[in-house]
Structures are given as C-alpha cells and as structure tokens.
Amino acid sequence: MAAQFDASIRYPRVSVEEVPDEGDFPKYSVVTDIHPTAGKPLPGSFKTGWERQKDEETKHGVAPWAPFASADEWEFARYLMKSGLSQGRIDELLHLKMIAGQLQPSFSNKYEFFKKIDALPKGPCFWCETTIITGDVLNAQGERMREEVELWLRDPVECVRELMGKASLQDSMVYRPARVYTGEDRQTRVFEEMWSAEWWWEIQVSHFSLRSFSKFTNLSDLKSGQNELPKGATVAPVILASDKTQLSTFGGDKTAYPVYLTLGNIAKRVRRQPSQRATVLLGYLPVPTLSCCSTTTRQLKGYEVFHVCMARLLQPMVEAGKTGVPIACSDGRKRRVFPLLAAYCADHPEQCLVACCPENRCPKGTIGRDERGGLGLCWGRDVESTLSALEAVRAAQGSTEKRKALDSLKADGIRAVLPPFWANLPHCDIFSSLMPDILHQLHKGVFHAHLVKWCDQMMAPGELDRRFMSMASHPDLRHFAKGVKVEVDIEGSGEALPG
C-alpha cells in the first residue's frame with residue numbers, strides 16, 4: 001500500500017527563508033566625459049582586410065565555404081578542428097567506410113584535411129629568425145662556444161591591425177578615453193576599463209607639463225618633442241603577456257615561451273573570453289640551454305637573450321608609436337593609430353626579468369630586499385634614472401669605474417642588461433606597466449600565506465579546517481572535504497587554496 005503524505009507532520013528537511021537585504025545598494029547615475037580630440041577618424045569610409053577579401057571572393061564567384069566542397073563539409077571540418085581529436089584519430093575517422101564511402105569528403109586523410117585548413121584566410125604570417133649566443137666557455141680549439149637559437153615572431157603592428165579591423169569585435173571596440181563619474185558633481189571616479197583610467201587620457205594630451213610627462217616617458221624625448229601625440233590620434237594600448245611553460249618532463253624536457261598580445265581598446269568582458277579570439281599569439285621566444293656559458297655568467301646571459309629577442313619582437317612598434325600607422329577599423333573608418341605598450345602581464349620571476357632586477361627585489365619599487373613586507377614607504381622605479389644607471393655601466397672607462405657603476409646598480413637592485421627591450425619604446429613606463437600577478441601575489445601571497453595563516457593562529461587547533469569541512473555544498477563553490485591547511489602533493493608537500 002502506498003504511503004500517504006500527512007501535511008500536519010513536520011518532516012526533517014532543509015528549508016530556505018527569504019531574508020530582505022539590510023539597506024539598499026548605492027544607486028548612482030553614471031556621467032561620462034569623453035576625450036574631445038582623441039580617436040578622430042580620417043576622411044572617407046574604408047573596408048577592413050577581411051571585408052576586402054570577402055568582396056574579392058564574391059566577385060570571382062568563390063563559395064563562402066571554400067576551400068571545402070559544400071556547407072555540410074565545412075561543418076564537418078569545423079567539428080573536427082574543435083573536437084580536440086588528435087591527428088591520428090582524425091586520420092582513423094576519415095578512413096572509416098561510413099565516412100569515406102557515404103559522406104565522401106574532398107579530403108581522404110589528415111594531410112589533405114590540414115592542407116585545406118592551411119588554405120583558409122589567416123592573420124599576419126609567422127617567420128623564424130636565428131640568433132647566435134656567444135658564451136665565455138672555450139672549446140677544444142680555444143674558441144668561445146656558441147649556441148644557435150630560433151625566434152619565431154610576427155609583426156605586432158599587423159597584429160594590432162588585425163584586431164582593430166576584426167568585425168566580430170566592432171561592438172566592444174573603443175577608440176577614445178573617457179572619465180567616468182558617479183554623479184553630476186564629478187567627485188567620485190569609476191575605473192573599470194582601460195579607457196576609463198588616467199593613463200590613456202594623459203597620453204592623449206599633446207602638450208604635457210614636465211611633471212606629468214616624466215611620469216610616462218623619458219625627459220630627453222620630451223625636450224626633442226618626439227613623444228607628443230597629434231590631435232585626433234588614436235591610441236592602441238598594447239597588452240603583452242608571456243609565460244615560460246614546461247611542456248614535458250620525461251619526454252625530452254621541452255619548454256615553450258609564448259608571448260601574447262591584446263588591446264586595451266577591447267572591453268575586458270570580451271578580451272578575457274578565449275572564444276572571442278581577442279588575444280593573438282605574437283611569437284615564441286627561444287629557451288636556450290646556455291651550455292656555452294659558465295655558471296657565473298649564465299643567468300645574466302639569459303636576461304640578455306630575453307631582452308634582445310623581445311626588442312626584435314617589438315621593433316616595429318618603435319616607429320609606429322612615434323608616427324602612427326593608418327588602420328581601417330571595424331566600424332568602417334580609418335584612423336591614425338599609435339600602438340603603445342600599456343601593460344605587461346607576467347608572474348613575479350618574469351616581472352623581475354622584464355624590469356631588470358633580481359628576484360629578491362621589487363620589480364616596481366626601490367624598497368630594499370630586507371624591507372619588503374613592512375610598512376615603510378616604497379618609491380616607484382623611474383625609467384629615466386634606470387636607463388641612466390645602465391648607461392653609466394656601458395660608458396665606464398676602465399675596470400675601476402666599471403666596478404663602481406656595477407656596485408651602484410647592485411645597490412639599486414638593477415641587473416646590468418644593456419639595453420633593456422623597453423628602452424626605445426615611446427610613451428613606455430615599463431615599471432607602471434607591470435600588472436599584479438593575481439594567483440601568486442594576491443591569492444596565494446596575500447590571502448593564503450597571510451590571511452589564512454593569521455585566522456588559523458587565532459582559532460583553536462583544527463577549527464579552521466572543521467569550519468571549511470562543515471560548509472554546505474554549492475555548485476559555484478569548491479568544497480574542501482579534508483580542510484584547507486595542508487594537502488600533500490606527489491612530492492610530499494603542497495598547499496591548498498580556498499576558492
């Protein structure tokens with residue numbers, strides 16, 4: 001007999017009570033002041049490279065799904081590329097009787113398939129350049145040993161042209177900076193996008209005061225007028241990111257060093273989505289073994305190789321940042337664009353590599369090694385003084401003068417890298433361009449290493465773990481069934497991060 005439900009009996013169950021919020025969230029009207037002279041389009045209307053190519057294909061009667069035979073074959077090829085199948089699995093699939101006998105695609109194996117993929121329209125091309133590293137270790141003939149490395153790169157200006165002319169990014173592309181306020185009184189600023197920050201607004205000013213301009217560039221360039229943007233100039237804030245990645249540990253110890261590029265003109269909600277293709281691969285830096293160098297010079301030589309290759313990678317941005325380049329934008333207008341390095345995203349070791357400082361010093365400030373983490377005032381590093389100190393090492397005459405210059409560099413926490421890749425980039429303050437490392441510096445550094453540790457010391461032993469273990473499960477929250485204090489990894493030690 002089926003059980004009957006009695007509404008008068010209180011069955012044990014979880015109930016949720018709706019509780020009204022205490023107090024209303026602040027409401028304000030947004031007031032936006034747009035820069036009056038920035039981002040002016042040139043006369044006329046223009047088409048982007050993709051639009052011109054589409055018109056050319058239509059003119060010659062090329063099907064939209066070319067080089068594939070039909071729209072169905074295009075969908076099948078699209079599925080193969082997005083499925084995550086390896087080349088071997090794709091080859092097996094194409095050899096199945098159902099595929100080869102019934103569907104009969106125009107490609108019968110993986111080689112023909114990827115040949116058609118390579119024939120699709122693509123962005124700026126890659127090329128490879130060879131760099132020779134000369135070390136201080138002598139070979140059997142008494143000559144200095146050398147190592148040959150490869151730098152894969154493409155033109156960063158062409159990458160900027162591709163992104164600014166991309167039709168899919170038209171609705172999220174901004175060409176002029178703005179100042180956003182929470183009310184008509186304009187007392188409270190809102191900072192949420194790169195174009196709402198102060199840097200872009202001040203860069204657009206044609207005539208800087210000495211105080212504000214020295215904040216972003218070299219004073220020598222100010223005196224010669226090299227860093228004055230003309231009225232109507234469109235700034236393309238270039239955001240770079242690099243991360244040396246270990247590809248394999250037991251199969252040859254392969255390492256890749258990619259450098260990525262995106263633009264601050266693109267809204268961050270779009271820029272951070274991989275599916276929007278708003279970030280492009282700029283190049284691959286070499287990862288040399290440096291076996292031609294002794295142990296005393298190997299680290300510094302690694303710094304020099306990085307900066308030489310990055311300088312070559314960003315070389316087209318030097319002239320383009322000074323004179324500008326005409327670019328057909330996705331809104332159908334052409335503008336004179338100045339691609340300027342605005343931000344560099346990297347973890348702490350790479351930030352020190354970019355800033356030419358040891359890893360036990362702050363890459364953005366001049367605070368001493370043993371004073372980090374304290375409450376003392378930390379003055380930011382200055383591009384002009386850093387380049388002057390490096391120039392003093394290069395221009396030193398004699399061993400005594402050079403040793404004195406090197407000791408001064410060491411005291412200031414600067415490595416003798418001559419010259420750094422950012423030395424000739426216009427409007428570039430590399431120290432203020434370094435972005436915080438959210439994972440290592442904020443989440444693991446501030447939150448886990450400090451706040452979690454302090455909370456654990458304030459509680460009874462094991463209480464912090466018990467509270468995390470007693471939390472109810474939720475789809476949007478990670479549940480720590482064993483607590484958060486210690487999670488042992490395969491090497492015997494590790495840390496768990498709440499979140």
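**Exercise 1. Work out the strand order of the seven-stranded open sheet, and say which strands sit at its edges.**

Solution. Start with the order: the seven strands of this open sheet run β2-β3-β10-β9-β6-β12-β11, and the pairing is mixed. Strands here are DSSP runs of E with at least two residues, helices are runs of H or I with at least four, and both are numbered from the N terminus. Two strands count as paired if DSSP finds at least two bridges between them. Next, look for strands that pair on one side only: those are β2 (127–138) and β11 (325–328). Then take the twist: on average, neighbouring strands of this sheet are turned by 35° against each other, direction ignored. Last, see what packs on the sheet. Helix α12 (residues 315–323) does, touching β6 (234–242), β11 and β12 (334–345). The direction of α12 makes about 125° with that of β12, where axes are lines fitted to C-alpha atoms (for helices over the stretch in contact) and angles between N-to-C directions run from 0 to 180 degrees. Touching, or contact, means heavy atoms within 4.5 Å.

A word on the ground rules: this is a predicted model, where local features need pLDDT of at least 70 and side-chain atom pairs count only at pLDDT 80 or more, while totals for chains, interfaces and linings use all residues. Residues are numbered from 1 along each chain as its sequence is written, and side-chain values use heavy atoms, with hydrogens and water left out.

**Exercise 2. Trace the partners of β10 and decide how covered this strand is.**

Solution. Begin with β3 (residues 144–153): two bridges join this strand to β10 (residues 280–284), and the two run antiparallel. Put names on them: Trp152 has Tyr284 as its bridge partner, and Leu153 has Gly283. Now turn to β9, which pairs with β10 over four bridges, again in the antiparallel sense. Here Leu261 stands opposite Val280 of β10. Finally, check the burial: four of the five residues of β10 are buried, so to speak mostly covered. Buried means under 20% relative accessible area, exposed over 50%, and partly exposed in between, with a 1.4 Å probe and protein chains only.**Exercise 3. Describe the largest pocket: its volume, its lining and the helices that supply it.**

Solution. The volume comes to about 1,600 Å³. On a 1 Å grid over the protein atoms alone, a pocket is an open set of points where a 1.4 Å probe fits, with protein on both sides within 12 Å along at least five of seven lines, and lining residues have an atom within 4 Å of a point. Grid points are joined across faces, edges and corners, and the volume is the space filled by probe spheres set on them. Next, the lining: of its 35 residues, Trp50, Trp74, Leu120, Pro121 and Lys122 are the closest to the centre. Then the helices: α1 (49–59), α2 (71–82) and α5 (110–118) each supply at least two lining residues, and α1 gives the largest share with six. Sort the lining by type and you get 18 nonpolar, six polar and 11 charged residues. Ala, Val, Leu, Ile, Met, Phe, Trp, Tyr, Cys and Pro count as nonpolar, Asp, Glu, Lys and Arg as charged, and the others, Gly among them, as polar.

**Exercise 4. Do the job again for the second largest pocket.**

Solution. This pocket has a volume of about 740 Å³. Its lining has 25 residues, and Ile239, Ala241, Arg271, Cys345 and Met435 lie nearest the centre. The elements giving two or more residues to this lining are β6, β9 (258–263), α10 (268–271) and β12. β6 has the largest share, four residues. By type, the lining of the second largest pocket splits into 13 nonpolar, four polar and eight charged residues.

**Exercise 5. Explain why helix α13 counts as largely enclosed, and find what covers it.**

Solution. Count first: six of the eight residues of α13 (348–355) are buried, so the helix is largely enclosed by the rest of the structure. The buried ones are Glu350, Gln351, Cys352, Leu353, Val354 and Ala355. Their cover includes β6, α11 (298–313), β12, α16 (430–433) and α17 (438–458). Right after α13 comes Cys356, with a positive phi near 60°.

**Exercise 6. Place the strands of the three-stranded sheet.**

Solution. The order in this open sheet is β1-β4-β5, with antiparallel pairing. β1 (31–34) and β5 (189–190) are at the edges with a single partner strand each, so one side of each is left without a neighbour in the sheet. β4 (residues 178–181) pairs with β5 over two bridges, and Val180 has Val190 as its bridge partner in β5.
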